[in-house]
Amino acid sequence: MTGGPTPPGTAPRRIPGEDDLEPLMRCYGYRFTRTGTVRGTEPSGDPADVAAARRAGWPVREPERWSASEIVGRAGAAAAALHEDAVLAAFVAGLGSAPRGRQTVISHGWARFLGTAPRNGDGVPDCGLAPESEVDVTEQLLRLALGWSWNEVPEHYLPDLEAAVAQGLPRPQEEDRERLRALLDVIRSVPAGTRPGELEKAVARARIVPGTDKYQRYGILIGLAETGVLPCPVLPPMWDRFVPTAERHAASRALRGAPRSDITLPLAGWRGGLDERRAARLLEA
């Protein structure tokens with residue numbers, strides 16, 4: 001599927017490829033380590049690096065400003081143009097061959113029910129958006145290419161969804177499916193009562209997903225929680241229905257034991273277990 005033209009002065013709705021990564025990473029302060037993980041470093045202010053990025057069509061540190069209603073409308077339209085099976089398949093690809101695929105299950109889950117969600121007095125659903133948001137689209141698309149995913153900043157979902165529509169989503173290779181099977185086996189192996197932080201450590205020890213740091217692994221587990229593969233007793237996954245921000249906050253307050261600040265619901269509420277039906281669907285995507 002393809003989208004409309006990109007407005008003048010905005011970042012292209014595509015994920016950076018290998019040829020674009022080096023200058024963009026320098027501009028935004030990222031570097032690859034010898035083990036293939038990504039680390040932060042001092043952002044480059046070298047005009048040559050900025051010029052190289054711009055020659056490739058990437059505006060650097062030129063944020064776009066959107067209203068909440070614009071984000072809701074555009075994100076909802078983009079989500080409607082994506083088939084859920086393609087989104088699930090992209091997540092599987094994100095376990096190895098295409099790290100960019102990890103985020104879209106979260107972005108799509110947030111946006112897929114916006115069209116029918118109840119509106120507040122300002123005409124926008126209770127979906128976590130400020131009245132206006134400023135987003136550096138280039139940086140967000142770069143972070144997708146590098147494999148970060150999360151479920152706390154919904155304005156960042158829009159570049160992901162529009163890139164998925166304009167560029168298409170990756171399909172998993174057999175190695176990606178093998179990684180998913182191994183990941184599901186690790187989840188099955190941990191005892192009831194296991195907390196998300198302990199699960200992340202088990203995944204790290206198993207070395208299932210190459211080149212990931214702790215927060216990239218948490219992002220993968222958040223994707224599994226938001227699709228319901230990792231069940232949460234206090235909050236439904238966004239994949240099932242619209243989840244108002246007020247409901248999410250209430251569930252966080254009701255969660256027994258203070259959850260770690262770096263782990264979000266619904267993953268924060270997981271205490272072991274696997275939804276086998278949903279896991280089977282993910283394996284078949």
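Is Y218 buried or exposed at its relative accessibility? In this structure, which is a predicted model, Y218 has a relative accessibility of 1% and therefore counts as buried, since the cut-off for that class is under 20% relative accessible area. The residue that pairs with Y218 is Y215: the centres of the two rings are 6.1 Å apart and their planes meet at 55°, so the pair is described as tilted. Both residues belong to helix α10, where their separation of three places in sequence corresponds to about one helical turn. An α-helix has 3.6 residues a turn, so residues three or four places apart point the same way. Unlike the buried Y218, Y215 counts as partly exposed, because its relative accessibility is 36%.

Aromatic pairs number four in the structure. One of them joins W150 to Y215, again in a tilted arrangement, with 6.2 Å from centre to centre and 55° between the planes. Because W150 lies in the loop between α6 (137-145) and α7 (157-167) while Y215 lies in helix α10, this pair ties together parts that are 65 residues apart in sequence. Through such ring pairs, W150, Y215 and Y218 are linked into a cluster. Aromatic rings are also met by charged side chains: the charged end of R112 sits over the ring of W239, at 4.3 Å from its centre, and R143 lies over the face of W148, with 4.5 Å to the ring centre.

The strands β3 (residues 64-67) and β4 pair in the antiparallel sense, and four bridges are found between them. Among the bridged residues, S67 has E132 of β4 as its partner, and W66 has S133 of β4. Each strand shows two faces. In β3, the covered face carries E64 and W66, whereas the uncovered face carries R65 and S67; in β4 (residues 132-135), S133 and V135 are on the covered face, and E132 and E134 are on the uncovered one. The bridge between W66 and S133 thus involves a residue listed on the covered face of β3 and a residue listed on the covered face of β4. In a regular strand the side chains alternate between the two faces of the sheet.

Turning to the helices, α4 (residues 84-93) is mostly covered, with seven of its ten residues buried. The buried residues of α4 are V87, L88, A89, A90, F91, V92 and A93, and what covers them includes the helices α5 (104-111), α8 (174-189), α10 (214-226) and α12 (276-284). The largest nonpolar core has 87 residues, and those with the most contacts inside it are W110, I187, L199, L224 and L230. For L199, when neighbours within four places in sequence are left aside, the contacts are with V186, I187, V190, T194, L221, L230 and W270; I187 and L230 are thus contacts of L199 that also appear among the residues with the most contacts inside the core.

Two further helical residues can be described by their surroundings. Y28, located in helix α1 (residues 18-28), has a relative accessible area of 8% and is therefore buried. Residues up to four places away in sequence being left out, Y28 touches P43, P59, V60, R61, D136, T138, E139 and L142. Between Y28 and Q167, the separation is 139 residues in sequence and 23 Å in space, taken from C-alpha to C-alpha. R248, found in helix α11 (residues 245-254), is likewise buried, because its relative accessible area is 16% and the limit for burial is under 20%. With residues up to four places away in sequence again excluded, R248 touches N151, E226, L235, M238, V243, L265 and P266.

Finally, the cysteines were considered. C27 counts as buried because its relative accessibility is 0%, and C127 is also buried, with a relative accessible area of 5%. A disulfide would require a pair of cysteine sulfur atoms within 2.5 Å, and by this rule the count comes to zero disulfides.

Methods. Residues are numbered from 1 along each chain as its sequence is written. This is a predicted model: local features need pLDDT of at least 70, side-chain atom pairs count only at pLDDT 80 or more; totals for chains, interfaces and linings use all residues. Side-chain values use heavy atoms; hydrogens and water are left out. Buried means under 20% relative accessible area, exposed over 50%, partly exposed in between (1.4 Å probe, protein chains only). Two strands pair if DSSP finds at least two bridges between them. Contact means heavy atoms within 4.5 Å. A nonpolar core is a set of buried Ala, Val, Leu, Ile, Met, Phe, Trp, Tyr and Cys residues joined through side-chain atoms within 4.5 Å. Rings of Phe, Tyr and Trp (its six-membered ring) pair if their centres lie within 6.5 Å; planes under 30 degrees apart count as stacked, over 60 as edge-to-face and the rest as tilted. A charge sits over a ring if NZ of Lys or CZ of Arg is within 6 Å of the ring centre and within 35 degrees of the ring normal.
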